[in-house]
Amino acid sequence: MAPDLVNGVLNWVGTPAMVASLLLFYPPYYLFKTCYSFLSWLFPEDLAGKVVLITGASSGIGEQLAYQYALNRASLALVARRESSLRHVADRALELGARDVVVLPGDVSAPDDCDRFVRTAISHYDRLDHLVCNAGVASVGAFEEIPDVTSYSSQLDVNFWGSVQTTFAALPHLKRSRGRIVVTASATGWNPVPRMSIYNAANAALINFFETLRTELGNQVGITVVTPGWVESEMSRGKFLKEHGQVEVDQEMRDAQIGLFPVEYAKNCAKAMVQAARQGERYLTVPAWFGAMYLWRLFAPEVVEACYRLLYMHGHGARQADAPSRTMAEAGGKQLLYPTSLRSEEIKE
């Protein structure tokens, strides 16, 4: 009886009271945040000599992150499955100013690999200052047309558990250095883009995990959650996990999925990410305008869903790639809105 009474009172009183308190609290809070952000911009973290471990470093955003940290004279530990590509990135990072680079071939979906490459980095450098969880794979396909949903389980293994397992192994060392975790999630974690349901769910889980971890850790370890929109990468080149569980390059599906969204250069994204980490930012969305879509998602979700259905969903009996979004892209949108690198189907070996 008592809980019902209390909840009944709060239903009537609690909501207006919380809204009123937020309206009173927010102006001084926003002023404080603005002043703090300005000071962080004036005095960002000096990365010279800091040790940074980057997963998914062989291409795309991860590759460019390695170069941006190298320009800040950090020491790097680079992780990915493709050793030859990693060595190319390592050589370029050294040319750009990295103090040292160690190449650590590994698969973040394997817990033993996560433990091994963190231990190897600590053995080599004896410290860890930044952990960048960047490895990921994307799937594309309408949920009801997936023959076997278990074929997409590897996506959670890489995108979610890969970051969780690497963080678990690295956390004691990050606490010792009072370091920072930088997480590459995706705007699809809060933006319900059709035909990417499993990918969206993995990113939503990733965002919520690191927000919870931030609460648990307090100021012991900083956490920057990055939610990019469409960024130049192997995914925006058309590399997807398909319905049968294998990774393929499908640029028709890429065009149908991106449509008329402009694609940001990976270099610009990585530069913004490193700057956000240096300033101790909690969140970053790249490109910045993409964050405004969150307001539409919050205040007019029905409109967002209707627009997505109109643009992305194919007619009955048609292929998934035969969506209005692809027609718009091929009518001239991708020549204007896609970097030239996305016109090639070549993927790094």
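Which residues form a nonpolar patch on the surface? In this predicted model, the patch is made up of Leu-22, Phe-25, Tyr-26, Tyr-29 and Tyr-30, which together have about 540 Å² of accessible area. One of these residues, Phe-25, belongs to helix H1, which covers residues 2-42. Phe-25 has a relative accessible area of 49%; because the range between 20% and 50% counts as partly exposed, Phe-25 is assigned to that class. Helix H1 also contains Ala-2, which is exposed at a relative accessible area of 51%. From Ala-2 to Gly-333, 331 residues apart along the chain, the C-alpha atoms are separated by 60 Å.

Further along the chain, Asp-126 occupies the loop between helix H4 (111-125) and strand S4 (130-133). Its phi is near 65°, a positive value in a residue other than glycine. With a relative accessibility of 66%, Asp-126 counts as exposed.

Helix H5 comprises 25 residues, 153-177, and extends 34 Å from its first C-alpha to its last, close to the 36 Å expected at 1.5 Å a residue. The helix nevertheless bends by about 50° at Ala-170, and a proline, Pro-172, follows within four residues. After H5 comes Arg-178, with a positive phi near 50°.

Arg-195 is another residue with a positive phi, about 70°, although it is not a glycine. This arginine lies in the loop between strand S5 (180-184) and helix H6 (197-217). Is Arg-195 buried or exposed? Its relative accessibility is 4%, and since buried means under 20%, Arg-195 counts as buried.

The loop between strand S9 (283-284) and helix H9 (292-299) holds Pro-287. A cis peptide bond joins this proline to Val-286, with omega at about -5°.

Helix H10 (residues 301-312) has 12 residues, which should span 16 Å at 1.5 Å a residue; the end C-alpha atoms are 16 Å apart, so the span agrees with the expectation. Which side chains of this helix are turned inward can be followed residue by residue. Within H10, Val-304, Tyr-308 and Tyr-312 are buried. These three cover an arc of only 35° around the axis and therefore lie on the same side of H10. On the face turned away from this buried side, H10 carries the exposed residues Glu-302, Arg-309 and Leu-310.

Definitions and conventions
Residues numbered from 1 in each chain as written. Predicted model: local features only at pLDDT ≥ 70, side-chain atom pairs only at ≥ 80, totals over all residues. Heavy atoms only, no water. Patch = residues over 30% accessible without salt bridge, like charges linked within 9 Å, V, L, I, M, F, W, Y side chains within 5 Å. Areas by Shrake-Rupley, 256 points an atom, 1.4 Å probe, with all protein chains shown as cover. Salt bridge = Lys/Arg side-chain N within 4 Å of Asp/Glu carboxyl O. Helix = DSSP H or I, 4+ residues; strand = E, 2+ residues; numbered from the N terminus. Buried < 20%, exposed > 50% of the residue type's maximum accessible area, 1.4 Å probe, protein only. Expected span 1.5 Å × (residues − 1). Bend = angle between axes of the 7 residues up to and from the residue. Arc of directions from axis to C-beta.
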